[in-house]
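User: Hi! I'd like to go through the aromatic rings of this model with you and hear the reasoning behind each label.

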Amino acid sequence: MASYFNGLTLIVFTLILGSSGAYLVAREIAPFNFSFVPRSEIFERLTNEPAPVPPSTFGTNVALEICDQTMTRLSFYLAPTARMSAVANSCIETARTSVSQMPSHSYGYYIEALARFALGEADMAVAALERSQAVGPNEQWLAERRVGVAETHYAALEAYAGTGHLADLALLAQSRRGIRSIAARYVANPEFRERVTAVVETLPDEIQQRFVAVVRAEARTMGAGA
């Protein structure tokens, strides 16, 4: 009887593990299933439901990237207000789920900021942007995106303009990739140029010289003087 009970317990335990494994696999592939459709269909799905967030960091980034790509397309801003708002709210839910699972996941806060700005919720957007910078100050790829959004909504930044935003600019000014990411804006926007110059002047001489050289090279590539 004991051996029968032990065998039955083993079978039940195996079934539970199998079910749990299948459930985790289903959660992991959910964002990929969500994104493997035409762009227009992704937009439509986001008007009705958020992109699913799996347990892994990689899968979570896939879910957030769905929102990132959707909300940075011109078609998003040209959509009727109700549909644009529905997508933004779905993306806020995805973002909030991601940071509830990983409180230091800066990409999640960035996606929330992007969605909040789209909804006209500037104060909440800046708070999310600030949180993204605070927990991910050295993530250059994300700093590039934060700078782009912050500059688009510069009038709404208030105190963040002199703290997190300047920190992101300083980070970008110290690498060739970072400089290239802001070069076009530097050439075209005098106010931005003034902000970046003030930041660069606080950095070591060799970084300042590299910054000038890279910006001039990028400006020549774009057909402008610097």
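User: Why is Tyr77 called partly exposed?

Analyst: Happy to help! One thing to keep in mind is that this is a predicted model. Tyr77 has a relative accessible area of 44%. Partly exposed covers what lies between the 20% and 50% cut-offs, so the label fits.

User: And what makes Phe76 buried?

Analyst: Its relative accessibility is 0%. Buried means under 20%, so Phe76 counts as buried.

User: How many aromatic pairs are there, and why is the pair of Phe76 and Tyr77 called edge-to-face?

Analyst: The count comes to 5. For Phe76 and Tyr77, the ring centres are 4.9 Å apart and the planes stand at 80°. Centres within 6.5 Å make a pair and planes over 60 degrees apart make it edge-to-face, so both conditions are met. Ring pairs also join these two residues with Phe43 in a cluster.

User: What makes Tyr107 and Trp141 an edge-to-face pair?

Analyst: Here the centres are 5.0 Å apart, with 80° between the planes. This pair links distant parts of the chain, 34 residues apart: Tyr107 belongs to helix H6 and Trp141 to helix H8.

User: Are those two rings buried or partly exposed?

Analyst: Tyr107, at 2%, is buried, whereas Trp141, at 30%, is partly exposed.

User: How do you know that the charged end of Arg195 sits over a ring, and which ring is it?

Analyst: It is the ring of Tyr154, with the charged end 3.7 Å from the ring centre. The distance cut-off is 6 Å, so that part of the rule is satisfied. Arg193 likewise has its charged end over the ring of Tyr186, 5.9 Å from the centre.

Note on methods:
Residues are numbered from 1 along each chain as its sequence is written. This is a predicted model: local features need pLDDT of at least 70, side-chain atom pairs count only at pLDDT 80 or more; totals for chains, interfaces and linings use all residues. Side-chain values use heavy atoms; hydrogens and water are left out. Rings of Phe, Tyr and Trp (its six-membered ring) pair if their centres lie within 6.5 Å; planes under 30 degrees apart count as stacked, over 60 as edge-to-face and the rest as tilted. Buried means under 20% relative accessible area, exposed over 50%, partly exposed in between (1.4 Å probe, protein chains only). Helices (H or I, at least four residues) and strands (E, at least two) are DSSP runs, numbered from the N terminus. A charge sits over a ring if NZ of Lys or CZ of Arg is within 6 Å of the ring centre and within 35 degrees of the ring normal.
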